[in-house]
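Biologist: I should be grateful for a close look at a single part of this model. Please treat that part in one connected account.

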Amino acid sequence: MRIALAGAGAFGIRHLDGLANIDGVTVTAIVSRRLEQAEEVARKYGAGHASTDLDEVLARDDVDAVILCTPTQLHARQAIAAMRAGKHVQVEIPVADSWPDAQQVDRVQQETGLVCMAGHTRRFNPSHQWIHRRIAAGGLSIQQMDVQTYFFRRTNMNALGQPRSWTDNLLWHHAAHTVDLFQYQTGEDVQIAHAVQGPIHPELGIAMDMSIQLRTPGARVCTLSLSFNNDGPLGTFFRYICDNGTYIARYDELVDGKNNPIDVSKVDVSMNGIELQDREFFAAIREKREPNASVRQILPAMQTLDRLERSLATA
């Protein structure tokens, strides 16, 4: 499997580190906004080609699939271009930043029959897999998910502390993880969706604080708090309040409600959620099947985000 990676920033590097652990995968091209960055990353990870032009890379015959770690605003257009060029594509979260664009990505996937997968990493983290398997086996039923997504981003910097060329978004990027995970874990669509947000940042042009409430037809509830103003413990923390226990997931760590650790090291072949996500992408291509987190599967989350955006516009 010959892979091009577009977007050599913080998350692109995480994918490259994960790909290094997967047999039968070769990174043949790196695309970045700055050629010197693309060349540096290509040298480090052994890719033979570096470019600033994604369309040029999509035309290459030594590329079978593409992983897009580019700015959110480019995801839909680039995913569609990749499939039109005959390449399988994995798009980092979110697939799009609007409901119509997400639907268009899905339509092109159906037309081409290629694998188009979204980077919904929470489906693959061993901690959340552990919960999902117990729900599927009938041992757990979620009553509420209480989630905190907290960062300190008062300037336009990425996870490596480097300047960003684009602006992040609490709703379409960070809330997308939890909205999809809630629907995935409950097996239900969202019936009620409300959101409120704080003031718009005068320079970044985005809300820095947001609160979201969701409910399914089965009366399962999700409460999500998001902030770019939080100067404290950073990251996303999930509390699963279930009929048969409470569990707290911090990325790949899982504890019960009394803070007793749960061993999730044997849940999958790796503890790296990004690597597991990439493994699913390549397995789906090889096996000619729909992957977990396909664009079709995550459309309900995108539709919910659209409803939340509209509720913010009328608040």
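How many bridges join strand β1 to strand β4, and in which sense, parallel or antiparallel, do the two run?

Modeller: The model is a predicted one. In it, β1 and β4, the latter spanning residues 65-68, run parallel and are joined by 4 bridges. Within this pairing, alanine 4 of β1 has valine 66 of β4 standing opposite.

Strand β1 itself covers residues 2-6, and 4 of its 5 residues are buried, so that the strand is mostly covered. A further partner of β1 is strand β2, residues 26-31, with which β1 pairs over 5 bridges, again in the parallel sense. Here arginine 2 is placed opposite threonine 26 of β2. Helix α1, residues 10-19, belongs to this arrangement as well: together with β1 and β2, α1 makes up a β-α-β unit, and that unit is right-handed.

For the helices, one may turn to α6, residues 126-136, which packs with α7, residues 170-186, at an angle of about 30 degrees and with 9 Å between the axes. Because angles under 35 degrees count as roughly parallel, α6 is roughly parallel to α7. On the α6 side, the contact is made by His128, Ile131, His132 and Ile135, and on the α7 side by Leu181, Tyr184 and Gln185. Sorted by class, the residues of this contact comprise 4 nonpolar and 3 polar ones, with no charged residues. The buried residues of α6 include His128, Ile131 and Ile135, each of which also takes part in the contact with α7. Just after α6, glycine 138 adopts a positive phi of about 85 degrees.

Methods. Residues are numbered from 1 along each chain as its sequence is written. This is a predicted model: local features need pLDDT of at least 70, side-chain atom pairs count only at pLDDT 80 or more; totals for chains, interfaces and linings use all residues. Side-chain values use heavy atoms; hydrogens and water are left out. Axes are lines fitted to C-alpha atoms, for helices over the stretch in contact, and angles run from 0 to 180 degrees between N-to-C directions. Angles under 35 degrees count as roughly parallel, over 145 as roughly antiparallel, 65 to 115 as roughly perpendicular and the rest as oblique. Contact means heavy atoms within 4.5 Å. Ala, Val, Leu, Ile, Met, Phe, Trp, Tyr, Cys and Pro count as nonpolar, Asp, Glu, Lys and Arg as charged, and the others, Gly among them, as polar. Buried means under 20% relative accessible area, exposed over 50%, partly exposed in between (1.4 Å probe, protein chains only). Two strands pair if DSSP finds at least two bridges between them. A crossover is right-handed if, with the strands pointing away from the viewer, the path from the first strand over the helix to the second runs clockwise.
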